[in-house]
Amino acid sequence: MDIAWAEEAACRGLDPMIFYPSTDEEAEQAKEICAGCPVQTACLEHAIDEREHNGVWGGATERERQRIIRRRRRQRALARASAG
Ligand code: SF4
C-alpha cells in the first residue's frame with residue numbers, strides 16, 4: 001500500500017479527533033481542512049480501497065463513502081449491461 005501522499009496531508013500534526021466526529025453533522029471542521037488538502041483524492045481513494053469504516057477521509061464521512069461506493073457499483077453494472 002503506497003501512502004506517500006500522506007506526507008503532504010493538510011491534517012498532518014492536527015488533532016486526529018477532528019477527523020473522528022461523533023456524527024456527520026460534527027464533521028464540518030474536518031471537511032473544511034480536507035477541502036484545502038492537496039492530496040484529497042488520493043486520501044479518499046485510499047479510504048475506499050481499504051474500506052475505512054471510521055472517520056473523515058478525503059473530505060467524506062463513512063456514510064458519504066458508502067454512497068460513493070454504491071454509486072460506482074451502479075455505474076459499473078450499467079456499463080456492463082450496456083456493453084453486453
Ligand atoms: S483529505 Fe483530509 S483526511 Fe485526507 S489527508 Fe487531506 S486533510 Fe487529511
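This section describes the fold, the nonpolar core, the helices and the ligand surroundings of a predicted model.

The chain contains three helices and zero strands, and its elements run α-α-α from the N terminus on. Taken along the principal axes, the C-alpha atoms fill a box of roughly 50 × 30 × 20 Å. Of the 84 residues, 14% count as buried. Among contacts between residues at least 6 apart in sequence, 45% join residues at least 24 apart.

The largest nonpolar core consists of nine residues, namely A27, A30, C34, C43, L44, A47, V56, W57 and A60. Two or more residues of this core come from each of α1 and α2, and α2 supplies the largest share, three residues. In soluble globular proteins, nonpolar side chains tend to be buried together.

Within the core, V56 is placed in the loop between α2 and α3. Because 28 C-beta neighbours lie inside 10 Å, V56 counts as buried; the threshold for burial is 20 or more. Not counting residues up to four places away in sequence, V56 touches F19, A27, A30, K31, C34 and T61. Of these contacts, the one with A30 joins residues 26 apart along the chain, with C-alpha atoms separated by 6.7 Å. L44, another member of the core, is in contact with W57, G58, G59 and A60 when its neighbours within four places in sequence are left aside.

In helix α2 (40–49), the buried residues are C43, L44 and A47. Seen down the helix axis, the buried residues of α2 fall within an arc of 95 degrees, and therefore line one face of the helix. An α-helix has 3.6 residues a turn, so residues three or four places apart point the same way. The face of α2 turned away from the buried side carries T41 and D49, both of them exposed. The cover over the buried residues of α2 includes α3.

Just after α2, R51 adopts a positive phi of about 50 degrees, and R51 is a residue other than glycine. R51 is located in the loop between α2 and α3. With 10 C-beta neighbours inside 10 Å, R51 counts as exposed, because the limit for an exposed residue is 12 or fewer. The loop between α2 and α3 thus holds the exposed R51 as well as the buried V56.

Helix α3 (62–83) has 22 residues, which at 1.5 Å a residue should span 32 Å; the end C-alpha atoms are 31 Å apart, in agreement with that expectation. One of the 22 residues of α3 is buried, so the helix lies largely in the open. Even so, α3 is included in what covers the buried residues of α2.

The ligand is surrounded by 14 residues, the closest being A9, C11, C34, C37 and C43. The elements that give two or more residues to this shell are α1 (28–35) and α2 (40–49). By class, the shell divides into eleven nonpolar residues, three polar residues and no charged residues. Two of the closest residues to the ligand, C34 and C43, also belong to the largest nonpolar core. C43 is in addition among the buried residues of α2, while C34 is one of the residues touched by V56.

Key. Residues numbered from 1 in each chain as written. Predicted model: local features only at pLDDT ≥ 70, side-chain atom pairs only at ≥ 80, totals over all residues. Near = placed C-beta within 6 Å. Helix = DSSP H or I, 4+ residues; strand = E, 2+ residues; numbered from the N terminus. Nonpolar A, V, L, I, M, F, W, Y, C, P; charged D, E, K, R; others polar. Core = buried A, V, L, I, M, F, W, Y, C linked by C-beta atoms within 7 Å. Contact = placed C-beta atoms within 7 Å. Expected span 1.5 Å × (residues − 1). Arc of directions from axis to C-beta.
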